[in-house]
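This report describes the internal spaces of a protein, one of its helices and two loop positions. The sequence and the model are shown first.

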Amino acid sequence: MRSVEEMFRVEGKTALVTGAAGGIGLACAKALASAGADLILADIDGGRLDSAEEEIRRENGPSGGRFLTAVCDVADMRSVETLMEQAREFGGVDILIHSAAVTNRKQLLDMTEEEWNHILTVNLNGAYHMGKQVGELMTRQGRGGKMTFIVSTGAYRAGVNFGAYSASKAGVVMMMKTLALELAPWGINVNAIAPTATETRFTEDYYRENPQAKERTRANHPLGRLGRAEDYMGTALYLSSGASDFVTGALLVVDGGKTAK
């Protein structure tokens with residue numbers, strides 16, 4: 001029987017993290033690196049991606065694992081296919097953390113068709129592209145795997161100005177559950193994490209310009225604060241490690257108690 005410490009180690013595994021240049025994606029990459037994984041860091045922002053790699057290397061020191069950085073637009077299947085070619089040359093993928101996403105704070109009646117399509121294309125189609133390509137790679141590898149999609153409490157809790165975002169994330173949840181069923185015969189676990197409003201680059205400009213909105217959001221959390229990127233590190237590591245071998249098709253909510261109300 002493995003020790004608890006062994007259950008959470010991921011030495012010898014390669015983790016692919018999208019949206020890895022900052023925020024929750026970067027935090028998850030740090031968690032996996034500290035637990036022994038080699039990393040493939042993918043993001044559409046190549047400049048910030050290099051900074052993210054440097055930050056992880058600095059925190060892990062000379063004992064850190066191997067790194068590959070790759071600029072990738074998850075909304076473009078060809079870009080994702082290129083990423084998969086790089087991943088195969090790197091040794092394959094054992095863990096996926098898909099965190100890449102965009103948002104647009106507009107009411108549905110004010111949103112253009114182009115804006116709606118952009119949200120759905122990046123968030124929902126992007127998750128499909130990653131799930132399909134990584135799923136195919138993992139089944140060919142024949143060594144199981146762990147896939148985790150970063151969604152949102154907005155996937156099942158409506159809010160003004162978040163119609164397109166919530167619709168896209170709700171779609172990812174159902175896609176995740178379907179993948180969990182389809183990939184189970186290959187020993188591949190597929191799950192999702194639903195964060196709450198989190199203080200990252202994703203939200204900082206909005207909250208700086210709308211401090212009253214930030215205070216209302218903070219007060220809506222029983223634990224008295226917004227989320228921080230590091231709040232999701234433990235959950236991501238759990239879903240990526242042997243500790244979660246009997247967990248698949250699950251949505252783990254990490255929201256400071258917001259949706260318990």
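## Cavity, pockets, helix α3 and two loop residues

In this predicted model, the structure holds one cavity of 30 Å³ or more. The space in the largest cavity amounts to about 30 Å³. Its lining is formed by H98, A100, A101, N123, A127, F149, I150, V151, K169 and V172. Three elements give two or more residues to this lining, namely α5 (113-141), β5 (145-150) and α6 (163-183). Sorted by class, the residues that line the largest cavity are seven nonpolar, two polar and one charged.

The pockets are considered next. The largest pocket encloses about 1300 Å³ of space. It is lined by 50 residues, of which T103, R105, Y165, F202 and T203 are the closest to its centre. Two or more lining residues come from each of α2, β2, α6, α7 (201-209) and α8 (211-219). Helix α7 supplies the largest share of the lining of the largest pocket, with five residues.

The second largest pocket has about 240 Å³ of space. Among the 19 residues that line the second largest pocket, K13, K146, S240, S241 and G242 are the closest to its centre. Both α1 (4-7) and β5 supply at least two residues of this lining. The table sets out the classes of lining residues for the cavity and the two pockets.

| Space | Nonpolar residues | Polar residues | Charged residues |
|---|---|---|---|
| Largest cavity | seven nonpolar residues | two polar residues | one charged residue |
| Largest pocket | 21 nonpolar residues | 20 polar residues | nine charged residues |
| Second largest pocket | three nonpolar residues | seven polar residues | nine charged residues |

Attention now turns to a single helix. Helix α3 covers residues 46-60, which is 15 residues. From its first C-alpha to its last, α3 reaches 21 Å, close to the 21 Å expected at 1.5 Å a residue. Which residues of α3 are buried? They are L49, A52, E53, I56 and N60. These buried residues lie on the same side of α3, because they cover an arc of only 100° around the axis. The general geometry agrees with such a pattern: an α-helix has 3.6 residues a turn, so residues three or four places apart point the same way. E54 and R58, on the other side of α3, are exposed. The partners against which the buried residues of α3 pack are α2 (23-34), β2 (38-43) and β3 (67-71). Of these partners, α2 and β2 also appear among the elements that give two or more residues to the lining of the largest pocket.

Two loop residues complete the account. G224 sits in the loop between α8 and β8 (227-228). Is G224 buried, exposed or partly exposed? Its relative accessibility is 28%, and G224 therefore counts as partly exposed. Although 32 residues separate G224 and G256 in sequence, the two are 7.8 Å apart in space, C-alpha to C-alpha.

S244 is placed in the loop between α9 (233-240) and β9 (251-254). With a relative accessible area of 0%, S244 is buried. Its contacts, leaving aside neighbours within four places in sequence, are K146, N189, Y238 and L239. One of these residues, K146, is also listed with those closest to the centre of the second largest pocket.

Conventions. Residues are numbered from 1 along each chain as its sequence is written. This is a predicted model: local features need pLDDT of at least 70, side-chain atom pairs count only at pLDDT 80 or more; totals for chains, interfaces and linings use all residues. Side-chain values use heavy atoms; hydrogens and water are left out. On a 1 Å grid over the protein atoms alone, a cavity is a set of points where a 1.4 Å probe fits but cannot get out, and a pocket is an open set with protein on both sides within 12 Å along at least five of seven lines; lining residues have an atom within 4 Å of a point. Grid points are joined across faces, edges and corners, and a volume is the space filled by probe spheres set on the points. Helices (H or I, at least four residues) and strands (E, at least two) are DSSP runs, numbered from the N terminus. Ala, Val, Leu, Ile, Met, Phe, Trp, Tyr, Cys and Pro count as nonpolar, Asp, Glu, Lys and Arg as charged, and the others, Gly among them, as polar. The expected span of a helix is 1.5 Å times one less than its number of residues. Buried means under 20% relative accessible area, exposed over 50%, partly exposed in between (1.4 Å probe, protein chains only). The arc is that of the directions from the helix axis to the C-beta atoms. Contact means heavy atoms within 4.5 Å.
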